[in-house]
Amino acid sequence: RYTVFAHVVSEQGALWGQRDSEPGGGLRPTSTWLPGETIQDNYGLPVLAGTPPGAYQIEVGMYDAATGQRLPVTSADGRSQGDHLLIGPLLVARPEMPPAVAALGMQHSVNAPVGPLRLLGYSLARLGQEPASAEFAGVDLVHLTLFWQAPQQPAADLTVSVQIRDGSGRVLRQRLAKPADGAYPTNGWAAGEVVRDQHRFGLDGLPPGVYQLAIELLETSGRRAGQATLGQVRVR
């Protein structure tokens, strides 16, 4: 009995929506399929609230729910295609109205100005897992989701600097990236728009201890446009 996964993904592989289920909503498990049988399997695939407008793809495949191991995909002529298929493009449009804050599923609410933007809140998790405590192993990849709102249309194309700092404020780790991995520059945002912004970074080499997680907004000149301290991160 295998589980089907259907994910909305960006070109960089970030996840923007998903649905995992046994076929037929659990009513047609693969162990009941007959050789040569064709199965029509429908999925309502949600797109996460605040997903930046743009082109995405749908990543589909199957896995063993007991182990998480994905099944290999082969082409009609027997060539290996990895462990998934990509269907698309899927075009996500800017919504007519921004989503309600409750629909964002934020782990932490902030609702404070950071330069020309407002940071509504953030979520923090190990990559591939649900948001939980801010404690990580040194080998973990951290998945930080920022939730922005533009009070007015920003004039600048801003870069987000995600930083891990020690107790004295010294930057030990830094990830520089434009929102949506550069696919949705801030100077294209509409007034009032809410944007989900995903960042992934490692903690390798950091000794066990408690650190500060902070962000800065930088203009193209490198000038700091705003900053905020989000909270503590513990490395065990």
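This text walks through the strands and the two biggest pockets of a predicted model.

Start with a sheet. Five strands build it, and it is open. Read across, the order is β7-β13-β12-β9-β10. The pairing is mixed. At the edges lie β7, residues 135-136, and β10, residues 171-177. Each of these two pairs on one side only.

Now look at one end of that order. Strand β9 covers residues 159-165 and is joined to β10 by six bridges. The two strands run antiparallel. To find the match by eye, go to V160, which stands opposite A177 in β10. In general, side chains in a regular strand alternate between the two faces of the sheet.

Next comes a hairpin. Strand β5, residues 108-114, pairs with β6 in the antiparallel sense. Five bridges link β5 and β6. V114 of β5 faces its partner here: it stands opposite L117 in β6. Two residues lie between the strands of this hairpin. There G115 takes a positive phi near 60 degrees.

Strand β6 leads on to the pockets. Empty space shows up when a probe the size of a water molecule is rolled over the atoms. The largest pocket holds about 720 Å³ of space. Its lining counts 27 residues. Look for the centre by way of L15, Q18, Q129, E130 and H143, which lie nearest to it. Several strands contribute to this lining. At least two residues each come from β2 (15-21), β6 (117-126), β8 (141-149) and β11 (194-202). What classes of residue make up the lining of the largest pocket? There are 13 nonpolar, 11 polar and three charged residues.

The second largest pocket has about 290 Å³ of space. Its lining is made of 14 residues. Nearest its centre lie V4, V60, G61, L85 and I87. Here the strands β1 (2-9), β3 (54-64) and β4 (85-92) each supply at least two lining residues. Which strand gives the largest share of this lining? That is β3, with four residues. By class, the lining of the second largest pocket has 12 nonpolar and two polar residues, and no charged residues.

Set the two pockets side by side to finish. The lining of the largest pocket includes three charged residues, while the lining of the second largest pocket has none. Strand β6 is one of the strands that line the largest pocket, and β6 is also the hairpin partner of β5.

How values were computed
Residues numbered from 1 in each chain as written. Predicted model: local features only at pLDDT ≥ 70, side-chain atom pairs only at ≥ 80, totals over all residues. Heavy atoms only, no water. 1 Å grid on protein atoms, 1.4 Å probe; cavity = no way out; pocket = protein on both sides within 12 Å on 5 of 7 lines; lining within 4 Å. Points joined across faces, edges and corners; volume = space filled by probe spheres on them. Nonpolar A, V, L, I, M, F, W, Y, C, P; charged D, E, K, R; others polar. Pairing = 2+ DSSP bridges.
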